[in-house]
Structure formats: C-alpha cells, structure tokens
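This report covers a strand residue and the surroundings of a bound ligand. The sequence and the structure come first.

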Amino acid sequence: MYNNNELKSVTLTTLRDLKSRGEKIACLTAYDATFANLVDKSGAEIILVGDSLGMVIQGNKTTVPVKIEDMIYHTKIVASSINYSFLISDMPFMSFYNESVAIDNAKRLMQDGGAQMVKLEGNNSQLNIIEKLANSDIPICAHIGLRPQSVNKMGGYKVQGKSSTEAKILIQEAKKIEDSGADLLLLECVSAQTAMELSKKITIPIIGIGAGPEVDGQILVLYDILGISPGKLPKFSKNYMDGNNTIEDAIKHYIHEVKTLKYPTDEHSFK
Ligand code: KIV
C-alpha cells in the first residue's frame, strides 16, 4: 500500500517520469477538504476537482449548470488541504468559448483557486484555445472521447471510438491536441482497443476513465469508488468499499489496484 509521508509533491515532471518508467498514475476526484486530504495522504498522484461536482455535490442531472465560481470555490478548498497530489481543475461548460474567455477563466482557476493545471473538454475546434493557453504557460489536460459537457449535443452518453472510422478521427484529434501544446490527455469512455492504438501515437501521459488498461493512468469519481453516488455504478467503475472497512482503506486499495494493473479489467472496459 502507498504512503506519501516522505514523498515530494507531484509535478508535471513526476507524471512524465512515471509514464516513461511504465508506472501507472493513480487519480481521483475530490471536491472538499476532508476527502481531498484523505486522497492526498493515500498517495494519488492527481486530484481532479471535476465538474462532476455539478452532479455529485450540487445534485444536477448533468455537468452543464456548473459555473466557474463553483469550480474556483471547490478548487480553493481542495488546494488548501493537500500537500502531495498534483491538482487539476475543470473548466466548466462555456468557460472557454474563445481565447480571451479561456485565458481569463484558466487564470482564475490557477490564481484564485490554486489549480496547477486546467482541464477542458476539447476537440479539433478548441485547438486555437489550447495553443493560446499553452503559450501563456498554463498547463492543460485535454479531455476527449466522451465529453459530458456536450451530452445535450451528442444526444446521450455513448462509448466513443468503436468503429475504425471513429477510432481514426479520435487518434487524429489526439495528435493535433498534443501538437497544440496539451500536457496531459484524459480519455473518457473509449473502446479499449482504440485507447491502446491512440496511446502508441501520443507522447504525453494519458489518463483513462472507461478507456481500458493500456493508458498511463486511471481516474474515477471518488463517490463512485466509495459506492455513495446515487444510481447504478458506471460499468467502468468499481465499489472499493466492498471488502474494505474504512474509506481510507478503500482509497488505498483503488490506488494499489491501479499501480499493480489489477484495475481496470475487461469487466470495466468497452469493446
Ligand atoms: O468531472 C469529472 O470528474 C471528470 C472525470 C469523470 C474524469 O471529468
């Protein structure tokens, strides 16, 4: 099991080193001080203040209603409660619709919230924005594949990259995003085969959620792994309270399974 007491804080360099050594990167979401502190001291390399807070904290049906002020509020709380993990904060729906709005909101997440990197749900139409942020020394995680902020446009939550045409488009998109200056990629709900092919073409670390085992790290929503999210657990997730007596043990068990390649299995992946 992992214990971060004597370890130096994680940086982008740490994440790149982990990738080059082939050691998996363990990531979780957190939105408040108590859970963030537990995740941090359990040794997760990345904490994401995800806009999933719109659903699990605010009780909305989607992430669309989340505002930049909500993200700053939760990011600030998490930033002040952690010492080890690298902190990424989500840019919510419509907070990056042009370059100047994106710069302004990324600046707020970093300066007012304390984020070390911002994540945006992007595709080919955001390349100019990614380039602008990167040229302003703002570290970027680009979230591709299933993009929950686009649920209304996409017509539901669907697995991406299933056909060979879709796979080709996704891989080209990832390459352009990398070339535009993104530092990390987050791949959500992508066929495991496509994720594996994509990861061979990309040099920046790739974190997956429902993207199979052949990526550089895994992320899950904390409340899902604690079995407290309302409704059915997504196929790609796993309830780590099963067989563990405490929340801390459940978090450490998840990190251990990511590191030792026991999570995810075929059961948590899409064809
Ligand atoms: O908002 C979020 O928590 C996310 C994760 C599901 C990756 O984007």
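## Glu188

Glu188 is part of strand S6, which spans residues 184-188; strands (E, at least two residues) are DSSP runs numbered from the N terminus. Glu188 has a relative accessible area of 11% and is therefore buried, where buried means under 20% (1.4 Å probe, protein chains only). Between Glu188 and Gly210 the C-alpha to C-alpha distance is 5.8 Å, although 22 residues separate them in sequence.

## Basis of the values

The model is predicted: local features need pLDDT of at least 70 and side-chain atom pairs count only at pLDDT 80 or more, while totals for chains, interfaces and linings use all residues. Residues are numbered from 1 along each chain as its sequence is written, and side-chain values use heavy atoms, with hydrogens and water left out.

## Ligand shell

The residues around the ligand (a heavy atom within 4 Å of it) include Thr29, Leu48, Gly50, Lys119, His143 and Val221. By type, the shell holds five nonpolar, four polar and three charged residues; Asp, Glu, Lys and Arg count as charged, Ala, Val, Leu, Ile, Met, Phe, Trp, Tyr, Cys and Pro as nonpolar, and the others, Gly among them, as polar.

## Polar contacts and cover

Polar contacts with the ligand are pairs of N or O atoms within 3.5 Å. A side-chain N or O atom of Ser52 is 2.5 Å from a ligand oxygen. For Asp51 the corresponding distance is 3.0 Å, and for a polar side-chain atom of Asp90 it is 3.1 Å. Of the 260 Å² of accessible area that the ligand has on its own, the protein covers 95% (Shrake-Rupley method, 1.4 Å probe).

Technical notes: A polar contact is a pair of N or O atoms within 3.5 Å; within protein, one must be able to donate a hydrogen and the other to accept it, and residues adjacent in sequence count only if both atoms are side-chain atoms. Helices (H or I, at least four residues) and strands (E, at least two) are DSSP runs, numbered from the N terminus. Buried means under 20% relative accessible area, exposed over 50%, partly exposed in between (1.4 Å probe, protein chains only).
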